[in-house]
Amino acid sequence: MRISNHWLGQWVDHGLTVEELGHRLTMAGLELDAIEPAAASFAGVVVGQVLSVKQHPDADKLRLCLVNDGGGEPIPVVCGAPNVHEGMKVPFAPVGATLPNDFKLKKVKLRGAPSHGMLCSARELGLSEASEGLMELPADTPVGQDLRELLSLDDQILEVDLTPNRADCLSLSGVAREVATLTRKPLKAVETTPVAAACDDIFPVRLDAPADCPRYAGRVVRGVDATAATPIWMQERLRRAGLRSLGPLVDVTNYVMLELGQPMHAFDLSVLRGTLIVRRAHEGEALKLLDEKDLTLSGDDLVIADEEKCLALAGIMGGAASGVTDATRDVFLESAHFAPMAVAGRARHHGLHTDSSHRFERGVNPELPSRALERATQLLCEIAGGQPGPAQVAESEGHLPVRATIDFRPVRTNELLGANISTQAMQEILTRLGCQVTDAQTSWQVTPPSFRFDLAIEADLVEEIARVHGYDDLPTQLPAVQPQVTWLDEARVPPRRMRACLTDLGYLEAVTFSFVDQAWQARFAPAVTPLKLANPISSELAVMRTSLWPGLVKAAQYNLNRQQDRLRLFEIGLSFVPEGNELKQEKMIAGLVCGPAWPNQWGQPDRTADFFDMKGDVESLLGLAGLDRRVEWQACEHPALHPGQSAELRLDGQIIGWAGTLSPDLEDWLDLDTSMYLFELKLEAISRGAVPTFRGQSRFPAIRRDLAILVDEAVPAARVVQVIESMDYSALQQVSLFDVYTGKGVPEGRKSLALGLILQDLSSTLTDSQVDDMITAVVDKLQEEVGATLRA
């Protein structure tokens, strides 16, 4: 944003040098990029009037002019500009004047004719990069007046880099409002009074997309002179802001945009038919823009149209067919409020970036359209004449932005800032910022102004207090800290311990986006409807994840495509699962295994990791809280997992996670040539276990007895171990499974399990008869519960 210090001074008398002003703006969050002069360095150039023009006798392209510079005697000047004519007023550099690049004027002769000065173009004065002739000044300009003084060229331009949240400062009025707040000086805003209608003409407007354009103001102005000269003061202000003068009809709308921040557009009324309609574009609809670029539109584009054709790309650029020209006599002025989401991204989609789209994408004050329309009408009628019709406003009140109140706590503000700002000072700052403050005992109700889209929560107001109060004035000394002893919950396993466990097992921690591709989400959890983002970064990040698996699998796929064949990844993060009208956010820990079981080495033969490698890692993780023997692994069906290699993990009957092999359908869809093994557990469920307790060590010998039993293949070995451990034998110290066998000697449909039982009593040595009785009881219990028989 380019800001003229001279123009700014007419809105607020800040009393600062440009350097001081730039520093204050930077410290308030409006970073100063550069300070540059408004015009090149020249001196002695005055307003001159051409008294006569004659053809040079010895040169076809030169003219002999007599110029009045206010000094009395006419001055002879030889000029080659094609537009020089008698009576015109132009910048005149007499002998002794200095032009840019230290060019000093002297008396010379051109083709034998004396020339005691120079009639100047805007380019020769450094006011333009190109010019087609002399810079013509208004007819009422006083002859002999210093040009720098006339045009206030001893001005400085501040180049301010605005962050996207400060769209309210994309205008001179916005910056002036900010400066007035920072300097506590009064704001002298331009008075905008309604322009009385001089004719009854209107052009009907209809809002077919009220959510995208809830307010549309317009006015017919008849009989304008499109060839009238834009006042030099307006041309200069446009130039200093980086815009070229293109004639009064365009200059006025650009000027109002720079002054108030409301982008506007002028339609040639003669080409409009029927009704002006704000709607979504038809699929494949064509539009030629003012810059002659041809667009093919889609339903995502918002357009202004009449009953026959598309006229403009709303909030971005007008169409060539309805644009104003020098032949235009009747115009329709547009001043509308477009919702940021209706414009966001559409300019970039079509390879465009305009001043209008830059503002509407960031948010324009919805209260501005009518005020901007009156200001533009006033300026247009003063410059180009015309008869304005009555102002029209079409709006959908239900779709207009509503500013919600914010709970604000002054005490909390001082706690966060480490400062001691008085409540009176806070209220004054918020009021100067345009907020409405309702004072209460402990918290205030603060309603932000309509032009501050970025103020939505209490932290935003705290930031405003800090920057207006002054970051330099905040305490730089850290407050004293009172150490507190925090209670350590021995039964809880912290996430850092889980990270350490998985890292020790060879895993690497991944951090993936909480947003995933909708297609991926549908593959991993087709039964869950995820939360869609209103404004996704891209189509690949369009919905909130309901599982950590899509991110991990995508990370693994990325690594596999780069010859990283052995992967162990884990992540701790939130899943987002809609439940009715609520969004359940639950912290999960997930992991992925694929590739060789061990890094390449000579000590062990190569083999690919399998389900049981992953299962062992999960049990190590569960063992941190002593849950490895309590969690049950039960076969299940999961859309993302192999139908024969998937399990749900249950703790006390509740599902706490899933584990298994990636589904073959997903492997084909992802074009994977290796199996992946996944697990995902609820972090809270596996974080709390039992506190270890002391247990006495027996002084008597332990006895081991091995059992080989036959059970149905469908019976999990864990169920067998669970049955044995449930028996009320204090001497039973440990049960371990050390062999599983199917094949020769084992009936079809059965499997052999070999179990080792460690028996040890705390008070005496166990006798053979006692051990035999226990083993017999175990075999009977197994036969009763799981249909087990001793293997012969």
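A residue counts as partly exposed when its relative accessible area falls between the limit for buried, under 20%, and the limit for exposed, over 50%. By that rule, Ser 152 is partly exposed at 21%. The model described here is predicted. A search of the whole structure finds 48 salt bridges, while the number of disulfides is zero. The points below take up the charged pairs, the cysteines, a negative surface patch, two backbone angles and several pairs of residues set apart in sequence.

**Salt bridges between separate elements**

- Arg 184 pairs with Glu 428 in a salt bridge whose closest N and O atoms are 4.0 Å apart.
- Arg 184 belongs to the loop between α4 (172-183) and β13 (205-207), and Glu 428 to helix α12 (residues 423-432), so this salt bridge ties together parts that are 244 residues apart in sequence.
- The two partners fall into separate accessibility classes: Arg 184 is exposed, with a relative accessible area of 57%, and Glu 428 is partly exposed at 33%.
- Arg 375 and Glu 259 form another salt bridge, with 2.8 Å between the closest N and O atoms.
- Because Arg 375 lies in helix α10 (residues 368-384) and Glu 259 in helix α6 (residues 248-260), the pair ties together parts that are 116 residues apart in sequence.
- Both residues of this bridge are buried: Arg 375 has a relative accessibility of 8%, and Glu 259 has one of 1%.

**A bridge between sequence neighbours, and a network**

- Arg 362 forms a salt bridge with Glu 361, and their closest N and O atoms are 3.8 Å apart.
- Arg 362 is partly exposed, with a relative accessible area of 28%, whereas Glu 361 counts as buried at 16%.
- Elsewhere, salt bridges with shared partners join Arg 166, Asp 168, Glu 178, Arg 452, Asp 454, Glu 464 and Arg 467 into one network.

**Cysteines**

- A disulfide requires two cysteine sulfur atoms within 2.5 Å, and the structure holds zero such pairs.
- For Cys 213, the closest cysteine sulfur is that of Cys 310, and the 14 Å between the two sulfurs is too far for a bond.
- Cys 213 is buried, with a relative accessible area of 0%.
- Cys 636 also counts as buried, at 15% relative accessibility.

**Negative surface patch**

- Asp 665, Asp 668, Asp 671 and Asp 673 form a negative surface patch.
- One of these residues, Asp 671, lies in the loop between α18 (664-670) and β36 (676-682).
- Asp 671 is exposed, with a relative accessible area of 68%.

**Positive phi angles outside glycine**

- Ser 152 has a phi near 50 degrees, a positive value in a residue other than glycine.
- Ser 152 is placed in the loop between α3 (147-150) and β12 (156-161).
- Glu 292 likewise has a positive phi, near 70 degrees, and is not a glycine.
- The position of Glu 292 is in the loop between β17 (286-288) and β18 (294-296).

**Buried residues and distances across the model**

- Arg 219 sits in strand β14 (residues 215-222) and is buried, with a relative accessibility of 2%.
- From Arg 219 to Ser 335 the separation is 116 residues in sequence and 8.9 Å in space, C-alpha to C-alpha.
- Asp 251 is located in helix α6, the helix that also holds Glu 259.
- Asp 251 is buried, with a relative accessible area of 0%.
- Asp 251 and Gly 653 stand 402 residues apart in sequence, and their C-alpha atoms are 74 Å apart in space.
- Met 676 is part of strand β36 and is buried at a relative accessible area of 0%.
- Between Met 676 and Asp 291 there are 54 Å in space, C-alpha to C-alpha, and the two are 385 residues apart in sequence.

Key: Residues are numbered from 1 along each chain as its sequence is written. This is a predicted model: local features need pLDDT of at least 70, side-chain atom pairs count only at pLDDT 80 or more; totals for chains, interfaces and linings use all residues. Side-chain values use heavy atoms; hydrogens and water are left out. Buried means under 20% relative accessible area, exposed over 50%, partly exposed in between (1.4 Å probe, protein chains only). Patches are made of residues with over 30% relative accessible area and no salt bridge: like charges are joined within 9 Å, nonpolar side chains (Val, Leu, Ile, Met, Phe, Trp, Tyr) within 5 Å. Accessible areas come from the Shrake-Rupley method with a 1.4 Å probe; for residues, only the protein chains shown count as cover. A salt bridge is a side-chain nitrogen of Lys or Arg within 4 Å of a carboxyl oxygen of Asp or Glu. Lys and Arg count as positive and Asp and Glu as negative; His and the chain ends are not counted. The place of a charge is taken as NZ of Lys, CZ of Arg, CG of Asp or CD of Glu. Helices (H or I, at least four residues) and strands (E, at least two) are DSSP runs, numbered from the N terminus.
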